[in-house]
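Here are my notes on the model you passed along. Have it open while you read.

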Amino acid sequence: MNNKISAAITAVGGYVPEDRLTNFDLEKMVDTNDEWIRSRTGISERRILKGKGLATSDMIAPAVKQVCEKRGIDPSEIDCLIVATVTPDMMFPATANLACDKIGAKNAASFDLSAACSGFLYALTTGAAFIESGRYKKVIVAGGDKMSAIVDYTDRSTCIIFGDGAGAVLLEPHEAGYGIKDSILKSDGSGCHYLHQKAGGSLRPASIETVTNKEHYIYQEGQAVFKFAVKGMADVSAELLQRNNLTGDDIAWLVPHQANKRIIDATAHRMGISSDKVMLNIQKYGNTTAATIPLCLWEWEPLLKKGDNLVLAAFGGGFTWGATLVTWAY
Ligand code: UT7
């Protein structure tokens, strides 16, 4: 009855750098301790992309390559690559353009999308629309951030949170009933001053003053963001369930943005989802911004079954937030 083309995830790839920055390493850098970090955030260590000349595209490229290998396609078959990131290699060209060049995706349209920690959900919804419209047959949606490039490692309130990584999924047309079923995306730019990078854009171009004032690092008012995040992520996830006539019992997995374990617990509680159905890898990777959700899918892929309902949920800078309902297709 329903001939609508669905967009389904048909492969997942991921990349995390080898170098680990543990809580014990951070104890030697700032006034903090392992117990505080674990109890307040759930994080034990994060991965850091080290090495001269390495940037976000160097994590996106292997993640996308892995997707192609798993699905048995050549990168030249990719129609479109969307990269969600707030740490692009450069202001321009887009990191997606550079990643395509690195993997030989010569026939792909490619662009970056900026929605901070919700970037992957924004990109996934955009990529799904390209498939659903019939415009493209193979869209890769990636999220990646080299957060270590914008973290001030003398600021204990932010340096304990963030890490580097990238993840990617392939979207292809699929029979109705599977794939990206619904998505609610929200934004409120009045939240900007709680979480942003002050300089480096057209408002405050780089200058000696901006560098001296450390304005090229992440600025976050953690407590305020925490309150907005708990409410935003839980509200939008509950709204998504309600408008699809689902309860927590119908959900096989909650795939939350990994910013703080306490925010994740609150969202799961509000949705009536028990902790054994919540993907959690914040302890290993910290907050990798646009990469958290695809990295969870990458890690849990072997456990996912065709027909599983997943709710992907995020909250972050902007503010941006959202939730996406996915029925797993393989
Ligand atoms: O992904 C993008 C969206 N971002 C988020 O969702 C992040 C949301 N915010 C958070 O996750 C939390 O607010 C943080 C993890 C950033 C901070 O946790 P918190 O429980 O909100 O701590 P706080 O800022 O209220 O600080 C509590 C205390 C303060 O000391 P006093 O004033 O009570 O004496 C801080 O100075 O903890 C102190 N503190 C630390 N102590 C040890 C702050 N950072 C640290 C630290 N180690 N790293």
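1. Which residue follows H5, and what is the sign of its phi? Glycine 134 does, and its phi is positive, near 90°. Before going on, remember that this is a predicted model: local features need pLDDT of at least 70, side-chain atom pairs count only at pLDDT 80 or more, and totals for chains, interfaces and linings use all residues. Numbering starts from 1 along each chain as its sequence is written, and side-chain values use heavy atoms, with hydrogens and water left out.

2. Helix H5 itself covers residues 119–132 (helices are DSSP runs of H or I, at least four residues, and strands are E runs of at least two, numbered from the N terminus). Its 14 residues should span 20 Å at 1.5 Å a residue (1.5 Å times one less than the number of residues), and the end C-alpha atoms are 20 Å apart, which agrees. Among its buried residues are Phe120, Leu121, Tyr122 and Ile131; buried means under 20% relative accessible area, exposed over 50%, partly exposed in between, with a 1.4 Å probe and protein chains only.

3. Now the rings. The whole structure has nine aromatic pairs (Phe, Tyr or Trp rings, the six-membered one for Trp, with centres within 6.5 Å; planes under 30 degrees apart are stacked, over 60 edge-to-face, the rest tilted). Tyrosine 194 and phenylalanine 319 are stacked because their planes are at 5°, with centres 5.8 Å apart. Both sit in loops, tyrosine 194 between E8 and E9 and phenylalanine 319 between E12 and E13, so the pair ties together parts 125 residues apart in sequence. Phenylalanine 319 is buried, at 3%. These two join Phe228, Phe315 and Trp321 in one aromatic cluster.

4. Two lysines lie over ring faces (NZ of Lys or CZ of Arg within 6 Å of the ring centre and within 35 degrees of the ring normal). Lysine 198 is 3.8 Å from the ring centre of tyrosine 219, and lysine 306 is 4.8 Å from that of tyrosine 178.

5. Salt bridges come to 16 (a side-chain nitrogen of Lys or Arg within 4 Å of a carboxyl oxygen of Asp or Glu). Glutamate 172 meets lysine 138 at 3.2 Å, N to O. Glutamate 172 is in strand E7 and lysine 138 in the loop between H5 and E6, so the bridge ties together parts 34 residues apart in sequence. Glutamate 172 is buried at 7%, and lysine 138 at 17%.

6. Another bridge joins glutamate 239 and lysine 186 at 3.3 Å, N to O. Here the partners lie in helix H8 and strand E8, respectively. Glutamate 239 is partly exposed at 30%, and lysine 186 is partly exposed at 30%. Finally, shared partners link Arg71, Lys138 and Glu172 into one salt-bridge network.
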